[in-house]
Amino acid sequence: MSADRDYRVLIFAPIGRDGPASAELFRNSSLDAISCRSLPELVSEMTSGAGTVFLAEEGLFGRDTAPLAQWIERQPPWSDLPFVVLTSHREQPAVVAWRRSIVELLRNVSLLERPVQPITLTSAIQSAMRARRRQYEIRALLAAREQAAQELEQLVIERTRELEEANAQLRLEMEERARVEETLRQAQKIEAIGQLTGGVAHDFNNLLMVISGGLDMLDRQTDANRRRRLMEGMIQAAQRGASLTRQLLAFSRRQKLRPQPVDVAAQIGGMRELLDRSLRGDVHVEFDFPDSQWPVEVDPGELELVILNLAVNARDAMPNGGTIVVRGENLPGFNDEQIAGDYVRLSVIDTGVGMSPEILARVFEPFFTTKDVGKGSGLGLAQVHGFATQSRGTVRIRSEVGRGTSIELYLPRSYDLPSSERHLIDLTRVRPKRSNQGQVLLVEDDDEVAALVSEMLGQLGYEVTRAASAAAALGALADGRSVDVVFSDIMMPGGMNGVELAREIRNRRSDIPVLLTSGYAEASAHDAHAAGIQILAKPYHIDELAAALSAARSSLQLDAGSKRSNSG
């Protein structure tokens with residue numbers, strides 16, 4: 001279909017002179033007019049393109065108009081071809097009804113009744129052509145919109161493909177980055193393990209040297225005072241080893257804290273004697289707490305250890321002496337990137353050498369220390385960080401070379417009243433008893449530990465039967481021998497740990513109390529607590545062992561009495 005054909009006037013007036021006369025009239029008005037001799041020819045020309053159609057109604061009498069009706073019905077949405085129909089003088093009812101059906105068939109119709117003036121006919125045709133031209137404009141707009149939609153769709157397809165390619169490349173880069181980061185993490189882990197191994201080995205070898213050397217010298221020494229000094233040195237070495245283990249667990253956040261409301265002014269103020277013994281004579285401590293100092297929700301023992309660590313660090317940073325200030329401040333509505341709420345800021349401030357930015361960036365790393373070899377493990381600030389994080393707080397360090405350091409602990413305020421008792425080492429320990437306390441089944445796979453614990457149990461008045469595994473312990477119970485309490489390590493070879501052993505003993509012999517012990521009590525603390533089994537953490541003193549055994553036996557007796565009351 002060409003643009004020239006779109007503006008043709010198609011004429012169908014096969015009877016008389018109407019066809020040739022109207023064609024000549026339209027051509028004289030600069031219209032392209034085509035006269036069709038039959039109805040099929042008209043439909044064919046309409047398909048090729050037309051601006052309007054001029055019909056003489058008598059040319060349609062008795063003819064099959066179905067093809068014409070089908071063409072009109074199948075027009076595209078933009079098209080409504082105009083028809084100009086020249087009617088006859090017939091007004092019979094049948095002709096009027098037929099004429100009405102033709103109007104309905106053609107849809108867009110202008111009727112001209114004979115006789116018609118040439119100017120009227122020409123004007124009607126030109127008006128129909130103008131209407132048709134507007135339809136062609138709509139067709140052009142629709143075509144442009146369709147083309148734009150196709151171009152947009154093609155653009156979307158291309159952009160989608162480009163995005164998919166970019167995403168695929170990004171995924172490859174992310175996978176490569178993840179692989180590199182994992183490799184770096186593994187290298188950092190290996191480095192950290194090396195630092196950990198070296199630091200622990202160095203500190204524990206020193207402690208073991210004190211203990212093993214002291215024991216070696218103990219038998220060679222006859223002077224009572226020197227023997228006592230050797231014993232005190234070994235005891236202090238053992239306490240330092242236990243403290244180092246607590247620091248390791250605090251750094252790894254595996255040490256279970258027991259937070260409670262604490263009056264920080266009273267708690268830290270009561271440490272003055274301990275701090276004075278730990279610091280040099282040229283280092284002084286000042287406490288600065290307001291009268292309205294809020295209590296905090298922390299583990300009091302760990303708080304004391306943190307303050308002691310920070311004070312010792314401050315002392316070492318002041319080789320020529322100076323003053324350490326321990327200050328408390330209330331921070332209502334405190335809010336930063338990590339914490340928000342009512343907090344207490346505890347600051348330990350020194351006037352020492354300070355730290356450079358490079359050292360500040362690494363102070364919380366485990367085993368990182370600027371002290372000489374043998375002067376520190378590098379766990380102090382790592383333990384402080386672990387304590388603050390576990391206590392739902394945080395820690396900040398402000399330092400400048402030559403102008404001292406301020407280490408600030410942010411701890412959550414407690415809205416409960418603190419206990420009047422301050423955390424202190426319990427000096428009223430249970431004294432060992434030498435009378436017959438009963439039979440203990442000791443389950444311990446380490447021969448040296450078993451020998452020591454057997455000796456301690458003997459000092460407490462117990463007779464000891466030792467089993468090296470859980471299976472051996474169950475075998476001993478199966479023999480029917482008399483056992484008053486089972487004392488078992490948690491971590492043992494053989495596939496059954498201490499908690500599982502305790503459960504099995506309860507199933508077989510519910511009348512025997514069980515006490516567990518471990519160097520890392522948190523490993524099975526949840527399972528033991530759920531089973532109602534007491535755990536004694538290593539290392540422990542003989543009086544602590546006595547108290548734990550007594551508590552385990554008393555607890556079983558109370559449970560048995562309660563069951564008898566309920567059954568009665």
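This passage describes the salt bridges of a predicted model and the setting of one residue, T122.

Side chains of opposite charge can pair when their charged atoms come close. In the present model, 19 salt bridges were counted. Three of these pairs are described below, followed by a network of linked charges and by the surroundings of T122.

One salt bridge joins the side chains of R139 and D6, with a distance of 3.0 Å from N to O. R139 belongs to helix α5, whereas D6 is placed in the segment before β1 (8-12), so this pair ties together parts that are 133 residues apart in sequence. The two partners also differ in their accessibility class. D6 has a relative accessibility of 3% and is therefore classed as buried, the limit for that class being under 20%. R139, with a relative accessible area of 26%, is partly exposed.

A second salt bridge is formed by the side chains of E176 and R179, at 2.5 Å from N to O. Here both residues lie in helix α5, and their spacing of three residues corresponds to about one turn of the helix. E176 is partly exposed, with 39% relative accessibility. R179 is likewise partly exposed, its relative accessibility being 46%.

A further pair consists of R396 and D336, whose side chains meet in a salt bridge of 2.4 Å, N to O. This contact links distant parts of the chain: R396 is found in strand β11 (residues 394-400), and D336 in the loop between β9 (322-335) and β10 (340-350), 60 residues apart. A relative accessible area of 26% places R396 in the partly exposed class, and D336 is partly exposed at 24% relative accessibility. Apart from such pairs, R5, R8 and E45 are joined into one network by salt bridges that share partners.

T122 was examined as a separate position. The residue is located in helix α5, which covers residues 118-218. Its relative accessible area is 9%, and T122 is therefore buried, since residues under 20% fall into that class. When neighbours within four places in sequence are left aside, T122 is in contact with L25 and S29.

Helix α5 thus recurs in this description: T122 is placed in it, E176 and R179 both lie in it, and R139 from this helix is paired with D6 in the segment before β1.

Notes. Residues numbered from 1 in each chain as written. Predicted model: local features only at pLDDT ≥ 70, side-chain atom pairs only at ≥ 80, totals over all residues. Heavy atoms only, no water. Helix = DSSP H or I, 4+ residues; strand = E, 2+ residues; numbered from the N terminus. Buried < 20%, exposed > 50% of the residue type's maximum accessible area, 1.4 Å probe, protein only. Contact = heavy atoms within 4.5 Å. Salt bridge = Lys/Arg side-chain N within 4 Å of Asp/Glu carboxyl O.
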